Amino acid sequence: MVFWIFGYGSLVWNPGFDYDEKVMGFIKDYRRVFDLVTYVFCVTACIDHRGTPEHPARTLTLEKTEGAICWGAAYCVRGGAERERLAMEYLERRECEYDQKTLVEFYKEGDALQPALTGVIVFTSTPDKAMNKYYLGPAPLEEMARQIATASGPCGNNREYLFKLEKALYDIDHEEDYVIELANEVRKVLGIVEKGFMEEMKLVGSSSHIPLKTAHNIPVLKLHRPLAEAVAMDS
């Protein structure tokens, strides 16, 4: 037995399950959007928490968009029903915000006409707030950046999720303007927060240095091409 799963978010850099093969490539007619909300709601449920109910994090889902391509990683699990069951149980806990499993065709670089794999599983979400309580929907770039800059949960902060995605796409030489623009907007927000913090410390007369994890700790990527002007991406 064998199944393939396509990762387009944290699965790209942190699959977290036993797999037999990893292939980089893309799927067609989907684009990444940070329209999904994630937070801690049950100790035994989702295991990729980066927010709280008071300050929910924004994570990725896919939006059906004709002509778009979405780069990521396809993972293969072989070895029988038990290995497949364990991998899928792990993935369903981890991806619990997603209410759909969609089957897609997967393409390798250099051959955009003939799919390398068919029937590849990808976790997606119904873009409807009434049907899917985890669907947050689109928002202006600045609003998304403020949410991502401030949200944090047991698995880390929301900005780390975004910055690691940015680096993962850079590492495979397939950066996305949408991801880069959002990451840079988050860096701006973090810079403003740090500036305000330092001014407050001066006002109270504190001379001690308190380290703060902000944009100054985040390496700025050297891009292969000039960055496009930041725009808000709506569906």
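This passage describes the secondary structure, salt bridges, aromatic pairs and one pocket of a predicted model.

The chain comprises four helices and seven strands. Read from the N terminus, the order of these elements is β-β-β-α-β-β-α-β-β-α-α. The chain has 235 residues, and 48% of them count as buried. One of the strands, β5, spans residues 117-124 and contains Phe123. Phe123 is classed as buried because its relative accessibility is 5%, under the 20% limit. Between the C-alpha atoms of Phe123 and Leu103 the separation is 9.0 Å, with the two positions 20 residues apart along the chain.

Salt bridges were searched for over the whole structure, and 13 were found. One of them pairs Asp20 with Arg83, with 2.7 Å between the closest N and O atoms. Asp20 belongs to the loop between β1 (2-7) and β2 (21-38), while Arg83 belongs to helix α1 (residues 81-94), so the salt bridge ties together parts of the chain that are 63 residues apart in sequence. Both partners fall in the intermediate accessibility class: Asp20 is partly exposed at a relative accessible area of 39%, and Arg83 is partly exposed at 30%.

A further salt bridge joins Arg94 and Glu95, where the closest N and O atoms are 3.7 Å apart. In this case both residues are buried. The salt bridge between Glu160 and Lys164 has its closest N and O atoms 3.5 Å apart. These two residues are both located in helix α3 (residues 158-171), and their spacing of four residues corresponds to about one turn of the helix. Glu160 is partly exposed, with a relative accessibility of 27%, and Lys164 is also partly exposed, with a relative accessible area of 36%. Elsewhere, Glu82, Arg85 and Glu89 are joined into one network by salt bridges that share partners.

The aromatic side chains were examined next. A pair of aromatic rings is described by the distance of the centres and the angle of the planes. The count of aromatic pairs comes to 11. Among them is the pair of Phe6 and Tyr8, which is stacked, with 6.5 Å from centre to centre and 25° between the planes. Phe6 is buried, its relative accessible area being 1%, and Tyr8 is buried as well, at 5%. For Trp13 and Tyr161, the ring centres are 5.8 Å apart and the planes lie at 70°, so this pair is edge-to-face. The Trp13-Tyr161 pair connects distant parts of the chain, since Trp13 is in the loop between β1 and β2 whereas Tyr161 is in helix α3, 148 residues apart. The accessibility classes of these two residues are as follows: Trp13 is partly exposed, with a relative accessible area of 24%, and Tyr161 is buried, with a relative accessible area of 3%. Ring pairs also place both residues in a cluster with Phe34 and Tyr178.

The loop between β1 and β2 thus holds Asp20, a salt-bridge partner of Arg83 in helix α1, and also Trp13, an aromatic partner of Tyr161 in helix α3. Helix α3 in turn contains Glu160 and Lys164, which form a salt bridge.

A contact between a charge and a ring is formed by Lys28 and Tyr107. Lys28 lies over the face of the Tyr107 ring, at 4.3 Å from the ring centre.

Empty space was also examined. The second largest pocket has a volume of about 170 Å³. Its lining consists of 13 residues, and those nearest the centre of the pocket are Leu62, Glu63, Lys64, Ser125 and Pro127. At least two lining residues come from each of β2, β3 (57-78) and β4 (100-106). The greatest contribution to the lining of this pocket is that of β3, with four residues. By residue class, the lining of the second largest pocket contains five nonpolar, five polar and three charged residues.

Definitions and conventions: Residues numbered from 1 in each chain as written. Predicted model: local features only at pLDDT ≥ 70, side-chain atom pairs only at ≥ 80, totals over all residues. Heavy atoms only, no water. Salt bridge = Lys/Arg side-chain N within 4 Å of Asp/Glu carboxyl O. Buried < 20%, exposed > 50% of the residue type's maximum accessible area, 1.4 Å probe, protein only. 1 Å grid on protein atoms, 1.4 Å probe; cavity = no way out; pocket = protein on both sides within 12 Å on 5 of 7 lines; lining within 4 Å. Points joined across faces, edges and corners; volume = space filled by probe spheres on them. Nonpolar A, V, L, I, M, F, W, Y, C, P; charged D, E, K, R; others polar. Phe/Tyr/Trp six-rings, centres within 6.5 Å; stacked < 30°, edge-to-face > 60°. Lys NZ or Arg CZ within 6 Å of the ring centre and 35° of its normal.
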